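Here is a short report on charged and aromatic side chains, with a look at one helix. Keep the sequence and the model side by side as you read.

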Amino acid sequence: MSQPTHVIVGVGVIITNQYGQILLGKRSSKHAPYWSIFGGHVDPGETFETCAIREIKEEIGIDITNPTVFGISNNLQTYQQEGKHTVSICLHVEYNGDKPPQIMEPDKCESLMWVSPNALPEPHFEASRNAIELWLNQRFYHRCA
């Protein structure tokens, strides 16, 4: 495995509903078959909030407003396992819209579900788990062990 020469910055968006559940997607096998919150890579010149709004629209077809940054996670387990180093900017938004989320990229995501943040399905993506842990514990930074 060759070592990358850069760190990738991404966003992870915890979307909650009125019942306190979070929306997760099951990634397809070619994109690592993990459950995860939604998000993606930040484009050059893009704010974290704009990236979150864009990625959510692209991935699950809903419009979110005013996502709030609440934390940051340095995802070193993924780096150690796969050689891909990402830093996640974690955002939260409550969604109570009339339009239900739907899979817009079936080659990347195979199913959606609302779950309790205290009962995450497995296997679960590291960056997603870190973001949810920060949100539940009202912490800003995930410190790697």
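The report covers salt bridges, then ring contacts, then a helix.

This is a predicted model. Distances and accessibilities below are computed from it.

**Salt bridges**

The count comes to nine salt bridges. Three of them are listed here.

| Acidic residue | Basic residue | Closest N and O atoms |
|---|---|---|
| Glu110 | Lys26 | 3.8 Å |
| Asp43 | Arg54 | 3.5 Å |
| Glu122 | Arg129 | 2.9 Å |

Start with Glu110 and Lys26, which form a salt bridge. Glu110 belongs to strand E7 (residues 109-115) and Lys26 to strand E2 (residues 22-27), so this pair ties together parts that are 84 residues apart in sequence. How accessible are the two partners? Glu110 counts as partly exposed because its relative accessibility is 46%. Lys26 has a relative accessible area of 16%, so Lys26 is buried; the cut-off for buried is under 20%.

Next comes the salt bridge between Asp43 and Arg54. Asp43 sits in the loop between strand E4 (38-41) and helix H1 (48-60), while Arg54 lies in helix H1. The two are 11 residues apart, and the pair links distant parts of the chain. With a relative accessible area of 37%, Asp43 is partly exposed.

The third pair in the table is Glu122 with Arg129. Glu122 has 51% relative accessibility and therefore counts as exposed, since the cut-off for exposed is over 50%. Arg129 is partly exposed, at a relative accessible area of 30%.

Which residues are joined into one network by salt bridges that share partners? They are Asp43, Glu46, Arg54, Glu55 and Glu58. The Asp43 and Arg54 pair from the table is part of that network.

**Rings**

Searching the whole structure turns up one aromatic pair. A charge also meets a ring. The charged end of Arg27 sits over the ring of Phe125, 3.8 Å from the ring centre.

**Helix H3**

Helix H3 spans residues 126-137, which makes 12 residues. From first C-alpha to last, H3 reaches 16 Å. That is close to the 16 Å expected at 1.5 Å a residue.

Which residues of H3 are buried? The buried residues are Glu126, Ala127, Ser128, Asn130, Ala131, Ile132 and Leu134. Arg129, the salt-bridge partner of Glu122, is partly exposed.

Just after H3 comes Gln138, which takes a positive phi of about 50°.

Technical notes:
Residues numbered from 1 in each chain as written. Predicted model: local features only at pLDDT ≥ 70, side-chain atom pairs only at ≥ 80, totals over all residues. Heavy atoms only, no water. Phe/Tyr/Trp six-rings, centres within 6.5 Å; stacked < 30°, edge-to-face > 60°. Lys NZ or Arg CZ within 6 Å of the ring centre and 35° of its normal. Salt bridge = Lys/Arg side-chain N within 4 Å of Asp/Glu carboxyl O. Helix = DSSP H or I, 4+ residues; strand = E, 2+ residues; numbered from the N terminus. Buried < 20%, exposed > 50% of the residue type's maximum accessible area, 1.4 Å probe, protein only. Expected span 1.5 Å × (residues − 1).
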